[in-house]
Each structure stands twice: as C-alpha cells, then as structure tokens.
Amino acid sequence: MHDATPVPALVPHEHTFAYSTFRGSGESHRATLRLPHDVVGAPLVLNVHGGFWKTRWSLQTLSAGKLLAAFPGCATLDVEYARVNQDDPAASHEGGGFPHSCLDVLAALNSLVRPGLVPADLRARLDLSRIYLCGHSAGGQIALWIALLSRLSEAQRDEYAATLAAVAGPAAAQALRQGVS
C-alpha cells in the first residue's frame with residue numbers, strides 16, 4: 001500500500017514590520033510583505049493604498065487582497081503611510097502630507113534591503129530587480145512619484161532634493177537623495 005505524505009497548504013508567507021522614516025517610526029509606518037508559497041526569485045508588487053490622503057482610510061479599510069491576487073507568483077508589499085488630517089493639515093498624525101507620505105513609502109521600499117526588518121530567508125526569495133508599482137487614488141500618486149524618483153539620475157535627485165529642502169527641510173532632502181535602493 002502506498003503511504004501518501006500530506007501536502008502542505010499553499011499559504012503565502014506573511015511578515016508585517018515597522019519601518020523607520022527620517023522622522024522616526026510610528027503606528028502609521030508599517031508594511032506587510034507576502035511571498036507566494038515555494039517561489040524563489042519572486043518579483044515584488046509594491047501596493048500603496050488610496051483614501052484621498054485622509055487619516056480615516058488605511059490598509060484596514062482598503063484591503064488589497066483581491067487586487068494582489070491578480071499577481072500570481074509575485075511577492076507583494078502593502079505599505080501603510082502617514083496621511084493628512086483634512087480639517088487641520090498642520091496637525092496631521094505622524095506628519096502626513098507631501099512630501100512626507102511619499103518619503104514614507106520610499107522608506108518602506110528601501111527597508112527591504114536593510115538587514116533586520118525582514119528575515120533574511122524571506123528577503124532572499126525576492127528578486128528586487130523586478131519591482132512593479134501599484135496604487136489606488138492617493139496611492140497611485142505616490143506610486144507614480146516613486147517611479148519618477150527611480151528614473152532620476154543622481155544629479156537630478158540632488159537638484160530635486162535642494163528644492164525639496166526649502167519646503168520640508170534638510171532631513172527630507174537627505175531621505176530623497178537616497179533614492180530607491
């Protein structure tokens with residue numbers, strides 16, 4: 001008689017972590033990495049949720065599960081970022097708004113190459129030379145900004161950072177200069 005070995009369920013590996021921005025880290029600064037079962041060299045889909053930049057919309061209220069199911073064989077990174085208090089933008093929780101929300105997503109993406117936040121065995125299964133950007137509404141704007149930033153030369157990033165420093169300060173400019181790792 002043949003002894004059948006049970007087949008493990010094809011459940012994706014999921015790892016949620018807090019990432020740091022140039023302003024520090026808060027409850028808005030977290031990301032969830034999902035890797036398909038038994039895939040090595042998985043391209044990454046960076047998903048940025050929408051929500052009109054408002055604090056009440058988050059990954060909890062705008063689930064991306066069905067959207068991300070459209071990318072079989074890909075790893076996904078859902079990013080939470082600081083958003084804007086529409087009634088009092090100056091009092092935005094954890095510094096949301098431009099350029100801070102954009103720089104939050106940049107920090108989350110770059111955290112994948114830093115040791116310690118994502119277990120090495122999971123990070124080793126990613127192919128970070130193939131990153132696809134996906135965003136809805138305000139998240140689409142941020143994804144487009146990340147795409148633009150990834151195409152700038154170092155000199156162009158420095159020029160953009162100098163302009164950004166006048167609006168958001170030297171720490172924001174330095175975060176932008178790092179570009180996409």
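In this predicted model, the side chains of Arg34 and Glu14 pair up in a salt bridge, with an N to O distance of 3.0 Å. Arg34 sits in strand β2 (residues 30–35) and Glu14 in strand β1 (residues 13–18), so the contact ties together parts that lie 20 residues apart in sequence. As for solvent, Arg34 comes out as partly exposed at 25% relative accessibility, while Glu14, at 53%, counts as exposed. The pairing also belongs to a wider arrangement: Glu14, Arg34 and Asp78 are linked in a network of salt bridges.

A salt bridge also joins Glu80 and Arg83, whose side chains meet at 2.5 Å, N to O. Here the setting is an interior one on both sides of the pair. Glu80 has a relative accessible area of 1% and is buried; Arg83, with 9%, is buried as well. Both values fall under the 20% cut-off, which means that each partner of this bridge is classed as buried.

Then there is Arg130, which meets Asp127 side chain to side chain in a salt bridge of 2.8 Å, again taken from N to O. Arg130 is partly exposed, its relative accessible area being 34%.

Taken over the whole model, the count comes to 6 salt bridges. Among them are the pairs Arg34 and Glu14, Glu80 and Arg83, and Arg130 and Asp127. Pairs like these come as no great surprise, because side chains of opposite charge can pair when their charged atoms come close.

Technical notes
Residues are numbered from 1 along each chain as its sequence is written. This is a predicted model: local features need pLDDT of at least 70, side-chain atom pairs count only at pLDDT 80 or more; totals for chains, interfaces and linings use all residues. Side-chain values use heavy atoms; hydrogens and water are left out. A salt bridge is a side-chain nitrogen of Lys or Arg within 4 Å of a carboxyl oxygen of Asp or Glu. Helices (H or I, at least four residues) and strands (E, at least two) are DSSP runs, numbered from the N terminus. Buried means under 20% relative accessible area, exposed over 50%, partly exposed in between (1.4 Å probe, protein chains only).
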